[in-house]
Amino acid sequence: MSKVNVLIFPYPAQGHILPLLDLTHHLAVRGLAITIIITPKNLPLLNTLLSTHPNTIHTLTLPFPSHPNIPPGAENLREVGNTGNYPFINALSKLQPQIIQWFTTHPNPPVALISDFFLGWTHQLATRLGIPRIAFYCSGAFFTTVITRCWQNPQILQSSQGVIEFPGIPGTPSFKREHLPSVFLRYRESDPESELVRESFISNAASWGVVFNTFRALEGPALDHIRAELGHPRVFPVGPLGYDRIDSGSSRGSEVLSWLDRFQEEGSVLYVCFGSQKLLKKEQMEALAFGLERSETRFVWVVKAPSTPEQKKEGYSLVPEGFEDRVSGRGIVVRDWVPQVAILGHRVVGGFLSHCGWNSVMEAMVAGVAILGWPMEADQFLNARLLVEDRGVAVRVCEGADSVPDPNELVRVISEAMSTGSSQRRRAKLMREEAVRVVCEGGECWKEVDELLRALLELGVKQG
């Protein structure tokens, strides 16, 4: 008898693809046959997964469709930045004929499609294939409640008020207009590409089921709200995902972990990293360096190298001259990939100065470290609101991609948040207990993945 086959369609951006691959691993371990839709240049991201599950996971490799606003050869969002989301969503929608052709000729066609929430247009694709579509949210449930309301009523962008309120959502949150999700702020009414993106996001609500990379202790009210809004129980909070992700080794990563091993005082080191895409300008680098130096806190600062000659010329990612010598022994600057999960989980790391991207948030929750938030774009302002106001595990140090933190205020915030008795560190440790409990075998995360598996197997029985 053929195994139940499921089709997985990730969105080609680092923060989206990794958690969906983590979920894919958990489903493969439980015996599902899986086919992943991928484009050639993103195929290496699957190497570990494919070598772990050589007989269970297969790929449907399709050429990345051309688009006038995507440079030739670019297939991952990191190559173009967040402004590339609209072109990417529109370009990928052109893959439908090839997917339909593959499906109709497959000897054991998939019984369901699990696709990223940025690929909401796949709901229509799944309908054409006659199978249910499950939306995968690599982001949080609170963020989803807000962005769903935005897409349902894009006229809120025309609001003359500086602050937009969201009554009916738990906590009645409000945000400055510019702090709403970037993908929504780029919407232009009647523009064909914008309208496809809007319809795509609205289609997520029609999905047969939804999966979230989150857990109830962090986002219970938002999950309950979503379940009530959807009107069915197929809401699966399977997070935190990535807790067991294997970090590929690197000599520089090993050096950082060895450097951390030198210290004894638990929670005394601040980890500073702004994700895989964000570069800081010269003024921002100077303010951050000042804050780190004067706070006298131990730190690991990951600095992303400029990707263009223009950025280098303008001083992006430029560490102030003499800084590394002055902090030698107390702090290190890393200009290379590092094993973030391993660093955050090290006993001497107690804080994380972060852009509040959702994967980083999940990793911080499992590690039990306080977050010093500097939200810049995308979902980050909404995540910061949840972490600071609702859960008390974070404090803001700055807001905005172009903002420059006040150096003296930065010194104060770092010193207070990293102090042994800080409320953020205390609450982060409590959240860690919850996060570790749910990912242990038999915990809520395991049970939710099992529930999802059961639902998929039932679909297989019905279609068999």
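The following exercises, each with a worked solution, concern the sheets, helix packing and selected residues of a predicted model.

Residues are numbered from 1 along each chain as its sequence is written. In this predicted model, local features need pLDDT of at least 70, side-chain atom pairs count only at pLDDT 80 or more, and totals for chains, interfaces and linings use all residues, while side-chain values use heavy atoms, with hydrogens and water left out.

**Exercise 1. Determine the strand order of the open sheet of seven strands, and state which strands are its edge strands.**

Step 1. Helices (H or I, at least four residues) and strands (E, at least two) are DSSP runs, numbered from the N terminus. Two strands pair if DSSP finds at least two bridges between them.

Step 2. The order is β3-β2-β1-β4-β5-β8-β9, and the pairing is parallel.

Step 3. β3 (57-61) and β9 each pair on one side only and are the edge strands. From one strand to the next, the twist averages 20°; angles run from 0 to 180 degrees between N-to-C directions, and axes are lines fitted to C-alpha atoms, for helices over the stretch in contact.

Step 4. Five bridges join β2 (residues 33-38) to β3 in the parallel sense. Within these strands, isoleucine 34 stands opposite isoleucine 57 of β3.

**Exercise 2. Establish whether threonine 24 is buried or exposed, and list its contacts beyond four places in sequence.**

Step 1. Threonine 24 belongs to helix α1 (residues 14-29).

Step 2. Buried means under 20% relative accessible area, exposed over 50%, and partly exposed in between (1.4 Å probe, protein chains only). Threonine 24 has a relative accessible area of 0% and is therefore buried.

Step 3. Contact means heavy atoms within 4.5 Å. With neighbours within four places in sequence left aside, threonine 24 contacts Ile8, Ile34, Ile36, Leu49 and Ile57.

**Exercise 3. Describe the open sheet of six strands and the helices α16 and α18 that accompany it.**

Step 1. Its strands follow the order β12-β11-β10-β13-β14-β15 with parallel pairing. The edge strands, each pairing on one side only, are β12 (331-334) and β15 (394-396).

Step 2. Strands β13 (residues 349-354) and β14 (residues 370-373) pair in the parallel sense over four bridges. Glycine 351 faces alanine 370 in β14.

Step 3. Helix α18 (residues 423-439) packs on the sheet and touches β13, β14 and β15, its direction making about 125° with that of β14. Helix α16 (residues 380-390) lies across β14 and β15 and runs at about 115° to β15.

**Exercise 4. Classify the packing of α6 against α16 and identify the residues in contact.**

Step 1. Helix α6 (residues 141-152) packs with α16 at an angle of about 130°, the axes being 9 Å apart.

Step 2. Angles under 35 degrees count as roughly parallel, over 145 as roughly antiparallel, 65 to 115 as roughly perpendicular and the rest as oblique. The two helices α6 and α16 are therefore oblique to each other.

Step 3. Phe142, Phe143 and Val146 of α6 meet Leu382, Asn383, Arg385 and Leu386 of α16.

**Exercise 5. Locate glutamate 296 and alanine 378, and give the sign of phi for each.**

Step 1. Most residues other than glycine have a negative phi.

Step 2. Glutamate 296, in the loop between α11 (282-295) and β11 (298-302), has a positive phi of about 60°. At 63% relative accessibility, glutamate 296 is exposed.

Step 3. Alanine 378, in the loop between β14 and α16, has a positive phi near 55°. Its relative accessibility of 23% makes alanine 378 partly exposed.
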